[in-house]
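Here are my notes for your first look through this one. Keep the structure open beside you and find each residue as we get to it.

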Amino acid sequence: MNQPVVAITGASGFIGQALVRHLGAQGWAVRSISRQNALADSNTDVWARALDGAQAVVHLAAKAHQVNARVRQDDQRFDDNFALTSALLRACVQTSVRRLVFVSSIGVNGVRTNGQPFTEQDVPAPAEAYARSKWQCEQHIRQVSSDSGLQHVIVRPPLVYGPQAPGNFGRLVRAVERGWPLPLGAVHNRRHFAGLDNLVDALALCLTHPDVVQKTFLLADEEEVSTTDFLRLTAQAMGRSARLWPLPMPALRTAARLLGHGDAMARLCDSLQVNSQVFRQCTGWQQPWTLAQGLERAMQPLTPFSAP
C-alpha cells in the first residue's frame, strides 16, 4: 500500500523540522519544501510540480516578525506571505491536494488579554504587520476553500518553545544559561505557551481528523503561568537557578521604552491567555507533555517524537 504524501512548506524551520520527523515516524511520506530548494516564491507552476501526488499540505512558510525595534515593521514587509499563500492555494486546487493545514498566529486575535482568554469567537484584532498578514492569508484560504471544495484547517498558536527555538524563548534561554540577572521577578501576568512537540502532535491530527475541516482553532498548552514562573521552570529544566530580581513593573516598562525595547518588554509582561478547549473537545486530543516536561525536552538535543 502506498504511503500517504504530505508536503510541508517551511520544512527547514524550527517547527517544520520537528513536524517532518514526527510525520515520518507516523508513516507519512514527507515532501519537504523550504527556501533552500527555491520554492519560497509565488510561481504557481513551480508549486504545482512540488505538490503533485500529495494528499495534504501543512503551510508553515512565512516571513516572520522581528522584535528588534530598529527593524521597520510595515505591512509591505509581509506582502510575500500573502503572495506565497495565494500561489500555494492555486496549486492545491490544480493538483491532488485535499486538505491544507495553515499555521497562523494568536496575534490574529490580538497582542494581549485583559482577564479573559482569547477564543475562536473573538473578532480578529491583529495589531502588528505580521499578524495582519496571517489574518489576510486566513481570509483568502477560506474564500478559496469555499469556491473550490479544498478542505482547510487553521491553527493559531501562541509563542512556541522547544529545542533551538528562535525569538524571545531562545533569547531567554541564552540569558538564563549565561547567568544574566533578569529584572522579571515581579511579573504577575498570565500567559499560555505552546510546546513544540505538543504542537506538531496536534498538527498531525489536523491532517486526518474528520471533524476539523473548515474550522479555525486556538492551540496552546493547558498550563497558564506568569512570565516569572515560566523563567523559573525554564531554569529548572536547565539545572540552573534563574537570577530574577523584582523590579517594579512601572519602572521596568519605562526603562524598556527608553532603551527602545518597549514592544519586546510588553510581550514579556502583558497577559496573553488562550482558551484551546474547542480543539480538545472537537478531537479528543490531549497534549502528550506537560509544560515542565516540554521545557525539559527543549533543553535536550532534537529528539524523535515518543509519548511519555
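1. Let's start with Arg 156, which you'll find in strand 5, residues 151-156. Remember as you look that this is a predicted model. Is Arg 156 buried or exposed? Its relative accessibility is 4%, so it counts as buried, the cut-off being under 20%.

2. What do the polar atoms of that side chain meet? One partner is Asn 109: a polar contact of 2.8 Å joins the side chains of Arg 156 and Asn 109. Another is Glu 138, whose side chain makes a polar contact with the side chain of Arg 156, also listed at 2.8 Å. For a sense of distance, try Val 58 as well: Arg 156 and Val 58 are 98 residues apart in sequence and 13 Å apart in space, going from C-alpha to C-alpha.

3. Now zoom out to the whole protein chain. You should be able to count 11 helices and eight strands. Along its principal axes, the C-alpha trace spans about 55 × 40 × 35 Å. A compact globule of 308 residues would have a radius of gyration near 19 Å, and the protein chain agrees, with 19 Å.

4. How much of the protein chain is tucked away? Of its 308 residues, 52% count as buried. The accessible surface comes to about 14,200 Å², and carbon and sulfur atoms own 50% of that. Take the contacts with a separation of 6 or more: residues 24 or more positions apart account for 79% of them.

5. Next stop, helix 10, which covers residues 277-283 and holds Arg 280. Arg 280 has 8% relative accessibility, so this arginine counts as buried too. Its side chain makes a polar contact of 2.9 Å with the side chain of Gln 287. Leaving out residues up to four places away in sequence, Arg 280 touches Ala 220, Asp 221, Glu 222, Trp 285 and Gln 287.

6. Stay in helix 10 for Cys 282. With a relative accessible area of 18%, Cys 282 is buried, because the limit is under 20%. Which residues does Cys 282 touch, not counting those up to four places away in sequence? They are His 209, Asp 211, Val 212, Lys 215 and Phe 217. Leu 89 is another story: Cys 282 and Leu 89 are 193 residues apart in sequence and 26 Å apart in space, C-alpha to C-alpha.

7. Asp 211, one of those neighbours of Cys 282, deserves its own look. Asp 211 sits in the loop between helix 6 (196-206) and strand 8 (215-218). Its relative accessible area is 41%, so Asp 211 is partly exposed. Check Thr 283 too: Asp 211 and Thr 283 are 72 residues apart in sequence, yet 7.1 Å apart in space, C-alpha to C-alpha.

8. The loop between helix 6 and strand 8 also holds Gln 214. This residue has a positive phi of about 60°, although it is not a glycine. Gln 214 is partly exposed, with a relative accessible area of 38%. Gln 164 also has a positive phi of about 60° without being a glycine. Look for Gln 164 in the loop between strand 6 (160-161) and helix 5. At 67% relative accessibility, Gln 164 counts as exposed.

9. On to the aromatic rings. How many aromatic pairs does the structure hold? There are six. In one of them, the rings of Tyr 161 and Phe 169 have their centres 5.9 Å apart and their planes at 50°, so the pair is tilted. Both Tyr 161 and Phe 169 are buried. Together with Phe 193 and Phe 230, these two form one aromatic cluster. There is also a charge to find over a ring: the charged end of Arg 297 sits over the ring of Trp 289, 4.3 Å from its centre.

10. Finish with helix 9, residues 262-269. Which of its residues are buried? Ala 264, Met 265, Ala 266, Leu 268 and Cys 269 are. These buried residues pack against helix 5 (167-177), helix 7 (227-237) and helix 8 (249-258). Try showing those helices together on your screen.

Definitions and conventions
Residues are numbered from 1 along each chain as its sequence is written. This is a predicted model: local features need pLDDT of at least 70, side-chain atom pairs count only at pLDDT 80 or more; totals for chains, interfaces and linings use all residues. Side-chain values use heavy atoms; hydrogens and water are left out. Helices (H or I, at least four residues) and strands (E, at least two) are DSSP runs, numbered from the N terminus. Buried means under 20% relative accessible area, exposed over 50%, partly exposed in between (1.4 Å probe, protein chains only). A polar contact is a pair of N or O atoms within 3.5 Å; within protein, one must be able to donate a hydrogen and the other to accept it, and residues adjacent in sequence count only if both atoms are side-chain atoms. Contact means heavy atoms within 4.5 Å. Rings of Phe, Tyr and Trp (its six-membered ring) pair if their centres lie within 6.5 Å; planes under 30 degrees apart count as stacked, over 60 as edge-to-face and the rest as tilted. A charge sits over a ring if NZ of Lys or CZ of Arg is within 6 Å of the ring centre and within 35 degrees of the ring normal. The radius of gyration is taken over C-alpha atoms; the globule rule is 2.2 Å times the number of residues to the power 0.38. Accessible areas come from the Shrake-Rupley method with a 1.4 Å probe; for residues, only the protein chains shown count as cover.
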